[in-house]
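Colleague: Please take one part of this model and go through it closely. I would like the packing around a single helix, and what it packs against.

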Amino acid sequence: MRIISFRASEIHGYLDFEIKFFPDINFLTGINGSGKTSVLNGIAALISPSLVDLARMEYSRMEVEIETDEKTKAKLWTTKTKEKVTIGTSQVDSVLELPILSEEFLEFMSPVRMREEQETFYREQEAKLIDNPILKSIKALPTPMILDIERRLSHLYDRRPTGIRTTRSLRQPNVFRLSLHKSLVEASDLAEQHFRQLKARKDKLTEDFRKKLILSSIEFTDLKLSFPETFPALDEGFFATQDDIKQPLITLGLSENDVNKSLDPFFERLRALVEVIPSGGSVTDFFNSTLNPPKEN
């Protein structure tokens, strides 16, 4: 996949971008605060896509144009207001709209707690929207992974005058403070996101199966009744199907004891009926004798 261009307006409320990328190597240069990292974050949030990052970032519109390996082009775009985030792609006619967590809801939370609430909310949204055509279209595109490097290494060379020893100067440098750690955390988040999507799909399939099984048991069928001339020969094989009826109910989570209490009376009554039905006898004679028993003298 190749990124062709990136356009954005009002990132952080004041930065606008219109960047076209070369087919091979590209360098983003600029003074601190000019928006280099914001451009990378915006591109990554759109092509991932990351709902939590798109909801957190400040912008009015962002758009990425890409070219896939098959030389086909696609545009991904997003807009944001105080109430919602809208995501769209040139490959799907519809759009996806997500609510923004209200400021009143987050107002009295600490920054850490607020971040946790946002991540939990939007990850749950991603799991629920696993079959959304917008997300499926974007996730089907080849996605690059960016492994960043730390731009400032001064903390690795914290020189202090000889004779002055402080707790901080005695510490070993924490290599996990480098921004490479952030990339590894993002990779871990992708794995967790994939797990959540698989779990949501499994739950949906399980629920669909339960519905179909339950509804099929009460499905109305217009029977065309016809009676044979003689009763079929019934043996113990006729009752072997009761285990086939019980087992799906046990698989759905019902206890074997509850299933037996519910169905055994039915099969006992059925056995009693079979005992009075003459195996191989005439159906007409049986009903005539049952409905019109001989009168006693």
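Modeller: Contact here means heavy atoms within 4.5 Å. The model is predicted. Take helix α1, residues 36-47. The buried residues of α1 pack against six elements: β1 (2-11), β2 (15-20), α2 (51-56), β3 (61-67), β4 (73-80) and α5 (133-139). Which residues of α1 are buried? They are Ser38, Val39, Gly42, Ile43, Ala45, Leu46 and Ile47. An α-helix has 3.6 residues a turn, so residues three or four places apart point the same way.

Now the helix itself. It has 12 residues and reaches 17 Å from its first C-alpha to its last. That is close to the 16 Å expected at 1.5 Å a residue.

Next, the core. The largest nonpolar core holds 37 residues. Phe6, Ile11, Phe17, Leu54, Met62 and Ile87 touch the most other members. The largest share of this core, five residues, comes from α1.

Met62 links back to the helix. Leaving aside neighbours within four places in sequence, Met62 is in contact with Gly42 and Leu46, among others. Its other partners include Phe6, Ile11, Leu54, Leu76 and Trp77.

Strand β4 also holds Lys73. Lys73 counts as exposed because its relative accessibility is 55%, and the cut-off for exposed is over 50%. Lys73 touches Ile4, Glu65, Ile66 and Glu67, not counting residues up to four places away in sequence.

Last, confidence. The mean pLDDT of the chain is 76, and 68% of its residues reach 70 or more. Over residues 149-178 the pLDDT is below 50.

Technical notes: Residues numbered from 1 in each chain as written. Predicted model: local features only at pLDDT ≥ 70, side-chain atom pairs only at ≥ 80, totals over all residues. Heavy atoms only, no water. Helix = DSSP H or I, 4+ residues; strand = E, 2+ residues; numbered from the N terminus. Expected span 1.5 Å × (residues − 1). Buried < 20%, exposed > 50% of the residue type's maximum accessible area, 1.4 Å probe, protein only. Core = buried A, V, L, I, M, F, W, Y, C linked by side-chain atoms within 4.5 Å. pLDDT = per-residue confidence, 0-100.
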